[in-house]
Amino acid sequence: MKKRLFSLFFALLLCFVLAGCGENKDTTKTTQSHKYQPDKSGDSYYSIKDEAPLRVKTQKAGTCWTNAITSSMEGSYYKKYREEISFDATDLCLQIYDDEKAEGWFCHRDKLDYGGWDWMACDYLPNGYAGCFLHDAWRYDIEGARDAMKQGIRNNGPISIALCDSTTYKREFDGYFTMNDDNPDHMDHAVVIIGWDDHFPKDYFKNPAKEDGAWLCQNSKSENWGNEGTYWVSYESLIDENVIFSMSDEYSDIAFYDYGNEKQISTGDTTSLANVFSKEGKLAAIGTYTNADNQKYKIEIFDGTFGKLLCSVDGPADIKGYHVVDLPESIDVKKFTVVVTYEGLAAVEGESYDVDDSAVSYVAKSQKGQSFVLLDGEWIDLADDDIEKKLGIDFKPNNACIKALYK
């Protein structure tokens, strides 16, 4: 994961410099006699704007990434609750990089100009932001995910993506603003996908496409840019990250130790992790990360430290990412243990590391008595000094990525 994020981060940090904020100067205008009219009657076409209000944002400095993320948050919130909500992209960037927190992501240069990537928000938002908690972050694979992404957009909301933004491959054609660029060296921007058209003409792109079809993307350069803030990006264009962020305001509080899922561990076909919490209230849900589509899990709640079983719930998560699982009914708790058994890999914080000569740092810490792993039938503290040797890994795992949410 570190290597992939490393390369993507360098690209996104150029967002503000190369994006040409607020301008349409990079387009080539052409006309033809018969303008293309999309067929909106079937599944081949869809736009969130036809059913939901979605505010076009105007980014400050290099905050394209948090503008895309907050647009996804707003659109998915409307999909879920049929109510409008607004999240501040500039504030989210500053909060993710907040110097006052104990752990998480830190930026040691200009926070608004430096850039970032979607997974930073997947690390930060589960612990709470602006009166809400991240409920789901569906993370789609790059290859072969078109149908799943379409279903996700229709059911859950806009997908935040990283993409190429070279002016060389943009144009205005017959009134449509379009782009087709598959050069990974040009991946320097973030937008949201809000729809698609399988029949969008392949010859409407400056860089010719081999097939019809395009994503309808909303940019963060104001409504005066493109087609009222949107443009059509060919299916052949290179995109990455691909995350839908779904927020919930149905929980009042949270107990957690981790500040993000940066590593995974395994003890065999299944891996069991546990967190022991001491926080009184009505326990309503458990949040954790899954590392594969349709990964199976089992959640068990025990009284005290691995005491009496209070509740059990299981299932698969359809799309990998972060997910909150509601319990059948709320449980009154004081001190309790949450055990999650994963099919295959299990999510942990991993160890602290730096990016780009320490311009950005990820910091993880843990203490004894917080997180445990089941090894050969025995619960082992993840904070043990020799935990790397016991697990056969070359990094310090720190805390298990398990969170407890309250009504």
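## Asp-181 and its surroundings

In this predicted model, Asp-181 is in contact with Cys-164, Ser-166, Tyr-169, His-186, Ser-237 and Leu-238, once its neighbours within four places in sequence are left aside. The residue lies in the loop that runs between β7 (176-179) and β8, and one of its contacts, His-186, is also joined to it through a polar contact of 2.7 Å between the two side chains.

Which side chain of opposite charge is nearest to Asp-181? That side chain belongs to Lys-170, which is 9.1 Å away, and Asp-181, although buried, has no salt bridge. A salt bridge would require a side-chain nitrogen of Lys or Arg within 4 Å of a carboxyl oxygen of Asp or Glu, and the distance of 9.1 Å to Lys-170 is therefore outside that cut-off.

## Strand β8 and its partners

The loop that holds Asp-181 leads into β8, a strand that covers residues 187-197 and is mostly covered, with 11 of its 11 residues buried. Strand β2 (residues 45-47) pairs with β8 in the antiparallel sense over three bridges, and within this pairing Ser-47 stands opposite Gly-195 of β8.

Two further strands are joined to β8, and both pairings are again described residue by residue below. Strand β5 (residues 159-164) runs antiparallel to β8 and is joined to it by six bridges, with Val-192 of β8 serving as the bridge partner of Ser-160. Strand β9 (residues 214-218) is likewise antiparallel to β8, here over five bridges, and Ala-214 in β9 is the bridge partner of Asp-197.

## Strand β17 and its partners

Strand β17 spans residues 321-343 and is joined by three bridges to strand β4 (residues 133-139), the two running antiparallel; in this pairing the bridge partner of Asp-136 is His-323 of β17. With strand β14 (residues 270-290), β17 forms an antiparallel pairing over 18 bridges, in which Lys-282 has Asp-332 of β17 as its bridge partner.

How many bridges join strand β15 to β17? There are seven, linking β15 (residues 295-303) to β17 in an antiparallel arrangement, and within it Lys-298 stands opposite Thr-341 of β17.

## Lys-407 and the residues around it

Lys-407 is found in the segment after β23 (402-406). Not counting residues up to four places away in sequence, Lys-407 touches Glu-250, Ser-252, Lys-282, Ala-284 and Ser-330, and among these Lys-282 is the residue whose bridge partner in β17 is Asp-332.

The C-alpha atoms of Lys-407 and Ser-330 are separated by 7.6 Å, although the two residues are 77 residues apart along the chain. Despite the contacts listed for it, Lys-407 retains a relative accessible area of 48% and is therefore classed as partly exposed.

## A three-stranded sheet

An open sheet of three strands has the order β3-β20-β19, and its pairing is antiparallel. The edge strands are β3 (104-107) and β19 (353-355), each of which pairs on one side only. Neighbouring strands of this sheet are turned against each other by 20 degrees on average, with direction ignored.

Within the sheet, β3 pairs in the antiparallel sense with strand β20 (residues 360-363) over four bridges, and the bridge partner of Cys-107 in β20 is Val-360.

## Two residues with positive phi

Most residues other than glycine have a negative phi. Asp-357, a residue other than glycine, has a positive phi near 55 degrees, and its place is in the loop between β19 and β20. Is Asp-357 buried or exposed? Its relative accessible area is 74%, so Asp-357 is exposed.

Arg-82 likewise is not a glycine and has a positive phi, of about 60 degrees. The residue is found in the loop between α3 (64-81) and α4 (89-96), where Arg-82 is partly exposed, with a relative accessible area of 46%.

Terms used
Residues numbered from 1 in each chain as written. Predicted model: local features only at pLDDT ≥ 70, side-chain atom pairs only at ≥ 80, totals over all residues. Heavy atoms only, no water. Pairing = 2+ DSSP bridges. Axes fitted to C-alpha atoms, helices over the stretch in contact; angles between N-to-C directions. Buried < 20%, exposed > 50% of the residue type's maximum accessible area, 1.4 Å probe, protein only. Lys, Arg positive; Asp, Glu negative; His and termini not counted. Polar contact = N/O pair within 3.5 Å; in protein donor to acceptor, adjacent residues only side chain to side chain. Contact = heavy atoms within 4.5 Å.
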